Amino acid sequence: MTIRPHWTTLLMAIVAGFCLLVILFGGLIETVLDPRAMNLDWRLSPPLTHGFLLGSDAFGRDVAARMLAGLRWSVSIATLATLIASVIGVTLGLVAARRESWLSTLLRQITTFTQAFPAFVLAVTVIAILRGNGIQAVVLTLGLITWPVFARVAYAEGQAIFQREYVLAAAMMGMSRMRLYLRHVLPGLVPSLSVLIVFHFAEMIIAESALSFLGIGTPMGAPTWGVMLSESQTYIRDAPWLLIAPAGAIVTLIMTAHLFAQHLRTRAP
């Protein structure tokens with residue numbers, strides 16, 4: 001029997017493969033397409049003119065080169081922030097779910113607080129207070145602020161998994177705590193976590209772009225999608241490609257992630 005992959009899986013594989021190649025070979029790409037190189041003679045050139053695939057901006061910089069540099073920035077931040085949030089959240093959620101303790105109470109209080117207080121506003125506040133610029137500051141802030149969503153899911157589902165007969169039997173037979181988590185508890189969370197991770201990645205792309213748009217956490221002159229959107233406001237009538245290119249990239253990446261998450265959700269048992 002021939003197994004045909006779903007079209008959303010193929011789409012996600014193509015987009016993920018392209019992002020991976022740009023991240024891995026970003027330094028090599030920038031030797032050919034320098035996102036900071038200026039040519040004032042060809043400023044605001046439309047797409048497909050003067051050697052610019054996606055046009056040039058007000059300083060004569062290649063929009064395509066800046067798009068690729070922005071992809072490296074946005075995807076790297078979203079991936080690392082999602083990784084940090086998922087590791088912290090799942091670990092704390094499962095530890096709290098094992099038995100009722102002060103950690104369970106504290107976790108419920110934290111998740112209730114984060115539900116009432118927008119994470120983006122908190123991220124803006126933290127980065128502004130710390131005056132942090134650069135990928136480390138943005139990654140740590142987003143990762144350390146958004147972990148409660150993973151803790152909430154791991155705690156809720158972990159409580160049910162710890163009551164299953166095979167888990168209770170393994171614990172009674174003296175299986176080590178680490179082995180119990182890895183062999184019997186974590187596999188039960190995979191369907192929910194895989195969907196949540198993809199949705200969270202999309203949210204981190206939006207959060208990073210919004211922070212860059214506001215000029216928060218972004219080094220001066222860094223070619224990010226949010227910065228490109230902010231700069232395009234001045235030339236929106238004369239050079240609409242400056243807006244269309246980064247906006248289209250953000251929408252495409254988020255829609256692809258959401259489609260893939262929906263696909264995973266429909267296949268979850």
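I started with helix 9, which gives the largest share of the lining of the largest pocket, six residues. Note to self: this is a predicted model.

**Largest pocket**

I looked up its size next, and the volume of the largest pocket comes out at about 410 Å³. I counted 21 lining residues, and those closest to the centre are Ala119, Thr146, Val149, His200 and Glu203. Besides helix 9, I find helix 4 (102-116), helix 5, helix 6 and helix 7 (148-162) each giving two or more residues to this lining. What is the lining made of, by class? I get 15 nonpolar residues, four polar and two charged.

**Second largest pocket**

I moved on to the second largest pocket, with a volume of about 290 Å³. Here I have 16 lining residues, and Met12, Ala16, Val75, Thr79 and Phe201 are the closest to the centre. Which helix gives the largest share of this lining? I find that helix 3 does, with six residues. Helix 1, helix 9 and helix 11 also supply at least two residues each. I sorted the lining by class and got 12 nonpolar and four polar residues, with no charged ones.

**Cavity**

I then searched the whole structure for enclosed space and found one cavity of 30 Å³ or more. The volume of this cavity is about 30 Å³. I wrote down the lining: Gly26, Ile29, Glu30, Leu33, Ala65, Leu68, Ala69 and Arg72. Helix 2 (26-32) and helix 3 each bring at least two of these residues, and helix 3 has the largest share with four. By class I get five nonpolar, one polar and two charged.

**Cores**

Last, I checked the packing. The largest nonpolar core has 44 residues, and I find the most contacts inside it at Leu142, Ile205 and Trp225. I listed the helices that supply at least two residues each: helix 1 (7-24), helix 3 (63-98), helix 5 (119-130), helix 6 (135-146), helix 9 (177-213), helix 10 (225-232) and helix 11 (241-267). Helix 11 gives the most, 10 residues.

I took a closer look at Trp225. What does Trp225 touch, leaving out residues up to four places away in sequence? My list has Met67, Gly70, Leu71 and Ser74, then Pro246, Ala249, Ile250 and Leu253.

I also noted a second, separate core of 22 residues, with Ala97, Trp147, Ala154 and Ala170 among them.

Notes:
Residues numbered from 1 in each chain as written. Predicted model: local features only at pLDDT ≥ 70, side-chain atom pairs only at ≥ 80, totals over all residues. Heavy atoms only, no water. Core = buried A, V, L, I, M, F, W, Y, C linked by side-chain atoms within 4.5 Å. Buried < 20%, exposed > 50% of the residue type's maximum accessible area, 1.4 Å probe, protein only. Contact = heavy atoms within 4.5 Å. 1 Å grid on protein atoms, 1.4 Å probe; cavity = no way out; pocket = protein on both sides within 12 Å on 5 of 7 lines; lining within 4 Å. Points joined across faces, edges and corners; volume = space filled by probe spheres on them. Nonpolar A, V, L, I, M, F, W, Y, C, P; charged D, E, K, R; others polar.
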